[in-house]
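Visitor: I am new to protein models. Could you walk me through this one?

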Amino acid sequence: MRPTMDKNRIIIFDTTMRDGEQSPGASMNLHEKLRIAQALEEMGVDVIEAGFPIASNGDFEAVRDIAKVVKQSVVCGLARAARGDIERCAEAIKPAERGRIHTFISTSPLHMKYKLQMAPDDVYAAVTESVTRARSFTDDVEWSAEDGSRTEHDFLCRCVEAAIRAGAGTINIPDTVGYSVPDEFGALISMLFNRVPNIDQAVISVHCHNDLGLAVANSLAAVRAGARQIECTVNGLGERAGNAAMEEVVMALRTRNDLMPFTTGIRTEHITRTSRLVSAVTGFVVQPNKAIVGANAFAHESGIHQDGMLKHQGTYEIMTPESVGLTQSKLVLGKHSGRHAFKEKLKELGYEMGDNALEDAFRRFKEVADRKKEVFEEDIVALVDDELSRAHDRVRFVSLDVVCGSKHRPPSAELELEIDDETCSVKTTGTGPIDAIFVAVKTLFPHEARLQLFQVHAVTQGTDAQAEVTVRLEENGKTVNGQGADTDTLVASARAYVNALNKLLEKREKTAPSALSA
Ligand code: KIV
Ligand code: ZN
């Protein structure tokens, strides 16, 4: 059934890879975007906004390649109200089974005067022109009134009416700067339903930013006023304070169905896994007390709460951890498990790997199983993600020996890398072991990138847990995030740095082929 057929069905529009990626530092490469798109599709997201094709070749390729593989969700690209933008977007979504062009223009007095430097009449004309042009490429066109919540009502009504008349099937009202409050935002949507004569010919959508921490509340108020599409991101990723968090919107609708009798197509058990994937790829950690996906969201520490929980789960839990896919760490495999069992486990976890990648992942699994008494699902996910993220690497980690903690000599690292299939090694010192490792990478592969973030996260509990390290590097204003996992935190750090370096090389290659060499 198409989402729009049921009047209480809320369309979930994910913009993690477009608005989410606009957060400084949250860059994702093509391979990572494809993995996120697959996770979103499996989760049941209705519309995936995969990028802004005119913005860069990388964005164009991401939208096009996602359009090639995603079959269940609509694949959407963003375009300003300009011919070039719309044509580029149309080209990118062409391979999609169901493709959407999302075109927007600012409608608030402030944006029109200072940002666009356009008169309202010209903006009004651009609405009809851009939607008409977009419709010449696809039947599925969405139009957004940027800074809609600060737009004069008369003008907003005129623009919405014009966009619908020109063929937009979805009208999106953004609270671009996260300024609105729930009563006001709900009233804005009701106002549109009362005043725009052709409003019944479109789905009304909302897109709320979280500058005042109200993005989810504003989105829900809009739904109660008649909106039927919510634009949101996984973990609330997005510019400044982010966008409405998908997991919060979806679980609020599900948990308070008594007050809000609406449904979504989201398979909520996929929430935790998708949240972890987005967090690992972007290096944006989820705060522990974040609703739904924070590490403490289902933890009960105080004695009174624990006692209550033992008597009845409902005393302190309004939804179950299982409903968002949070299960007890499952002991899965041991060091005697064979290739077949490993492959079956990967299948169950949703991974399809080629023979070579599978062999490498199996070897890594054996190493982890040798060092760690118990191997959990989280360990397998971490090492397979690590393996997948380095499939096309030019620079590869081979080995590392570190000396540290001694009063008598400086910390040193002896690092072996494979660069373009040639093995090389170096021994360096540093102010600490991590510094020594990063100096070693820089010595073997000289580069000017600056370290912006170094972050360690334990995959499971216990001192033998695998460490998952994120390294963010910046070069000429472009950032990349590298990940590495290992039971040895220092090895994980070296792997993460090398992974970030490879992503930087890939980025350089896309912008200037001659800059490829170190
Ligand atoms: O916040 C915003 O207004 C946007 C639009 C482009 C939809 O992201
Ligand atoms: Zn936005």
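**A surface residue and a ligand shell**

Visitor: Why is Val456 called partly exposed?
Guide: Val456 has a relative accessible area of 43%. Buried means under 20%, exposed over 50%, and partly exposed in between (1.4 Å probe, protein chains only). Val456 is therefore partly exposed, as 43% falls in between. This is a predicted model: local features need pLDDT of at least 70, side-chain atom pairs pLDDT 80 or more, while totals for chains, interfaces and linings use all residues. Residues are numbered from 1 along each chain as written, chains are lettered from A and ligands numbered from 1 in the order written, and side-chain values use heavy atoms, without hydrogens and water.

Visitor: Which residues make a nonpolar surface patch with Val456?
Guide: Leu451 and Phe454 do, and the patch is about 240 Å². Val456 itself lies in strand S14, residues 450-458.

Visitor: What makes a residue part of the surroundings of ligand 1?
Guide: One of its heavy atoms must lie within 4 Å of the molecule. Among the residues around ligand 1 are Arg18, Phe104, Thr176 and His209.

Visitor: How do you know that Thr176 makes a polar contact with ligand 1?
Guide: A polar contact is a pair of N or O atoms within 3.5 Å; within protein, one must be able to donate a hydrogen and the other to accept it, and residues adjacent in sequence count only if both atoms are side-chain atoms. An N or O atom in the Thr176 side chain is 2.6 Å from an oxygen atom of ligand 1. That distance is within the cut-off, so the pair counts. For Arg18, the side-chain distance to a ligand 1 oxygen is 3.0 Å.

Technical notes. Patch = residues over 30% accessible without salt bridge, like charges linked within 9 Å, V, L, I, M, F, W, Y side chains within 5 Å. Areas by Shrake-Rupley, 256 points an atom, 1.4 Å probe, with all protein chains shown as cover. Salt bridge = Lys/Arg side-chain N within 4 Å of Asp/Glu carboxyl O. Helix = DSSP H or I, 4+ residues; strand = E, 2+ residues; numbered from the N terminus.
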